[in-house]
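Work through the exercises below with the structure open beside you, and try each task before you read its solution.

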Amino acid sequence: MTILSNVIASQTDLHAQYGGVFPEVASRKHIEVIHPVIQQAMNAAHLGFEDLDCIAVTRGPGLVGSLLVGVNVAKGLALGRNIPLLGINHIEGHIYSLWLTEAVAEIEFPLLTLVVSGGHTELYLMSDHLQYQHLGGTLDDAAGEAFDKVGRLLELPYPGGPAIDQAAEQGNPRAFQFPRAGLDDSYNFSFSGLKTAVLREAQRFAKDRLPVSDLAASFQAAVVDVLVSKTAAAAQEHGVKAVHLAGGVSANRALRQAMAGRLDVPVRYPPPILCTDNAAMIAAAAHWHFLHGRRDSLDLDVIPGLQLI
Ligand code: KG4
Ligand code: ZN
């Protein structure tokens, strides 16, 4: 699959002012930038709207305001050009980000996909294209959410994930022994206890004496440990041909390294620009739906709590 253009209007700087995402601010910004972004993407791809076969858009899960902006603009484009519309699950987009950079023929099923993002930590077994079995997910904080919360308490810049990834480089991952929630060997995850443990440890130090790098490295090691051991166990149980990592946290260098070191099947992950949210991944998922004959109706609705299965 070839990416002709992938324009991203990041709101990170805007949200950094508040230390997190404000839904109202996010959707207002979406309205402002969506048309210029679409135009920019079309220009960069050297395409006209008459060259398009289909319009794909994120239907959910996500913030209702932002989803509404996207879906309504997509409906307008599909109606105006008389081409099909496809409402795509955001998580499925992350999963299909892997098909954007790998030779499609090389990807064989069954495979395991770990989606680790700001809102999700989910383990899926894929038996074929668009065929998922949900093996487990987070019971409380998502992995990215834990990174962001711990980043904030260590007073690192927003978003916490990349900041912790960087701070951890100078730290000792064994400086602090943080809990690894096993949850009785299920494929579910829990990160809120870990976050509280980091908070308790941090409170033992004067603010200007906080061992930020050691705390960051030890916290990251605990998250990586849990993600890797559960993924490795699932990979073995189901005899998969490969393990895919997707979502913002899959950009984490320690996670990539540990996963590749632990598994004896290929471990694949997208380049950092395709790990965090982007439009190309939504088009990639839509491509397979399109090939399988799916077409959505123009009265498609947003579903903020949409599940993959
Ligand atoms: O997939 P994504 O862009 O958005 C959601 O769908 O949530 O993921 C964003 C999350 C944030 O929590 C961010 O802190 C985390 O991905 N993240 C990372 C790294 N880069 C982004 N977490 C750990 N290490 C990174 N290098
Ligand atoms: Zn995402």
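**Exercise 1.** In this predicted model, determine how the donor residues of the zinc ion (ligand 2) are spaced in sequence, and explain how far apart His90 and His94 are in helix H4.

*Solution.* Begin with the donor atoms: the protein supplies NE2 of His90, NE2 of His94 and OD of Asp277, which lie 2.0 to 2.1 Å from the zinc ion. Reading these donor residues along the sequence then gives the spacing H-x3-H-x182-D. Next, consider the two histidines, which are 4 residues apart in helix H4 and are therefore separated by about one helical turn. Finally, check their accessibility, taking buried to mean under 20% relative accessible area: both His90 and His94 are buried.

**Exercise 2.** Describe which residues surround ligand 1, and find which polar atoms of the protein lie beside its oxygen and nitrogen atoms.

*Solution.* Start with the shell, which has 20 residues, the closest being Gly118, Asp148, Asp165, Asn252 and Asp277. By type, the shell residues divide into 6 nonpolar, 11 polar and 3 charged. At least three of them come from each of domain 1 (12-94 + 276-291) and domain 2 (107-269).

Now turn to the individual atoms. A polar backbone atom of Gly144 is 3.1 Å from an oxygen atom of ligand 1, and a backbone N or O atom of Gly161 lies 3.0 Å from an oxygen atom of the ligand. On the nitrogen side, an N or O atom in the side chain of Asn252 is 3.0 Å from a nitrogen atom of ligand 1.

As a last step, consider the cover: ligand 1 taken alone exposes 560 Å², and the protein buries 87% of that. Helix H4 (90-96), helix H5 (143-153) and helix H6 (160-168) are the elements that give two or more residues to this shell.

Conventions:
Residues numbered from 1 in each chain as written. Chains lettered and ligands numbered in written order. Predicted model: local features only at pLDDT ≥ 70, side-chain atom pairs only at ≥ 80, totals over all residues. Heavy atoms only, no water. Near = heavy atom within 4 Å. Polar contact = N/O pair within 3.5 Å; in protein donor to acceptor, adjacent residues only side chain to side chain. Areas by Shrake-Rupley, 256 points an atom, 1.4 Å probe, with all protein chains shown as cover. Nonpolar A, V, L, I, M, F, W, Y, C, P; charged D, E, K, R; others polar. Domains from an automatic or database assignment. Donors = N, O, S within 2.8 Å, 3.2 Å for Na, K, Ca; no water. Buried < 20%, exposed > 50% of the residue type's maximum accessible area, 1.4 Å probe, protein only.
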